[in-house]
Amino acid sequence: MASAIDHEMMSRALQLARKGLFTTMPNPRVGCVIMKDGVIVGEGFHERSGEPHAEVYALKMAGDKAEGATAYVTLEPCSHFGKTPPCAEALIKAKVARVVAAMEDPNPLVSGRGMKMLSKAGIEVESGVLEAEARALNPGFIKKMVSNQPYVRLKLAMSLDGRTAMESGESQWITGPDARSEVQKLRAQSCAVISGVGSILQDNASLTVRAEELGLPNAQTLAQRQPLRVVLDSSLQTPVDAKVITGPGQVLMVCTDQAGQDKQAKLEAAGAEVVKLNGSNGQVDLKELMTLLSSKGCQEVLLETGATLAGAAVNEALVDELIVFMAPTLMGAAARPLLKLPFQSMSEKLDLNVSDIRAIGNDWKITATFKDKTD
């Protein structure tokens, strides 16, 4: 049974894992602590795909002191050869006495095999310590492994009276610089950022991670990895000189059969990838889009868009997490609503579980998930 010290060490391992929040994709964020005789002798975290895992760094720091020690890992040690050797074998070779994992790896290539390998080698194993915290650190990795779909966050900014833009479409800026910095962090931890063509035509949105707005000490390095920019544009109205096309990183234009071949050719010549995903009523098929993004290795996706596309994503149950930045301002009844949803009665309303509310500068950030209707 887990002790107070087990929880303390796992908490430290989770703290280390969070250092890879913006850099590990498509790998999970993992931290490791090695303790012997009540003293931490090794620490490490996974930073980038293809580089050593957390256990390797921690074992290297511990050296010979790892023998007879306890290793705390936020995710079950891997048992297969990928880009790096199995961490379970490294722990066995180091002769650790005990391994505590926060959670079992949802990857079917691992899924309990790592812990079984350790146990078979005579190492005491335990899992489930601070599991909820560990799962919250890697929602995209877990969802992709379980359902082969990305974890979708919907980010919206609204006034106190629930409006996102003026009737004309004007929306810059509802929230202040601190909230915009938070949005940059959301982009930086995402594999893809999705928007509709309306945001491109109205605001010439770039959808990039901007180092000067991140507010992090390693901002310049983080901004070198740009998320895939995805624009839903049924008839390809996006100009070839739009910021979303000319900015750094890859661009995916998603259209339907409405789009002409000449427009497609021009955008492709400008460096964009163009795909057709025909849905109903001449709109892009959002479910097919998520499957496509998953096939491209996307695990965490940020949806930044207007009320129509946002409402469609919610209505099709594609949104896992809702993040709303609320500004202390009023925009009036004629302004555009937060979401366009086809509800006619109270029985259709969607209830939310609010997990966090916090002040961000002069604004508020609300994080919520959708309640299961069977609850």
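Helices (H or I, at least four residues) and strands (E, at least two) are DSSP runs, numbered from the N terminus. The structure described here is a predicted model, in which local features need pLDDT of at least 70, side-chain atom pairs count only at pLDDT 80 or more, and totals for chains, interfaces and linings use all residues. Residues are numbered from 1 along each chain as its sequence is written, and side-chain values use heavy atoms, with hydrogens and water left out.

A good place to start is helix 1. Helix 1 (residues 4-17) is built from 14 residues and reaches 20 Å from its first C-alpha to its last, close to the 20 Å expected, where the expected span is 1.5 Å times one less than the number of residues. Its buried residues (under 20% relative accessible area, with a 1.4 Å probe and protein chains only) are Asp6, Met9, Met10, Ala13, Leu14, Leu16 and Ala17. Seen down the helix axis, these buried residues fall within an arc of 155 degrees, taken from the directions from the axis to the C-beta atoms, so they line one face of helix 1. They pack against strands 1, 2, 3 and 4 and against helix 5 (131-137).

Next come the annotated positions. An unreviewed UniProt entry places the feature "binding site" at residues including Asp203 and Leu207; such annotations may be inferred rather than shown by experiment. Asp203 sits in helix 8 (residues 197-203) and is partly exposed (between 20% and 50%), with a relative accessible area of 23%. Leu207, found in the loop between helix 8 and helix 9 (211-214), is buried, with a relative accessible area of 3%. Leaving aside residues up to four places away in sequence, Leu207 touches (heavy atoms within 4.5 Å) Arg187, Val193, Ser195, Arg229, Val230, Val231 and Val244.
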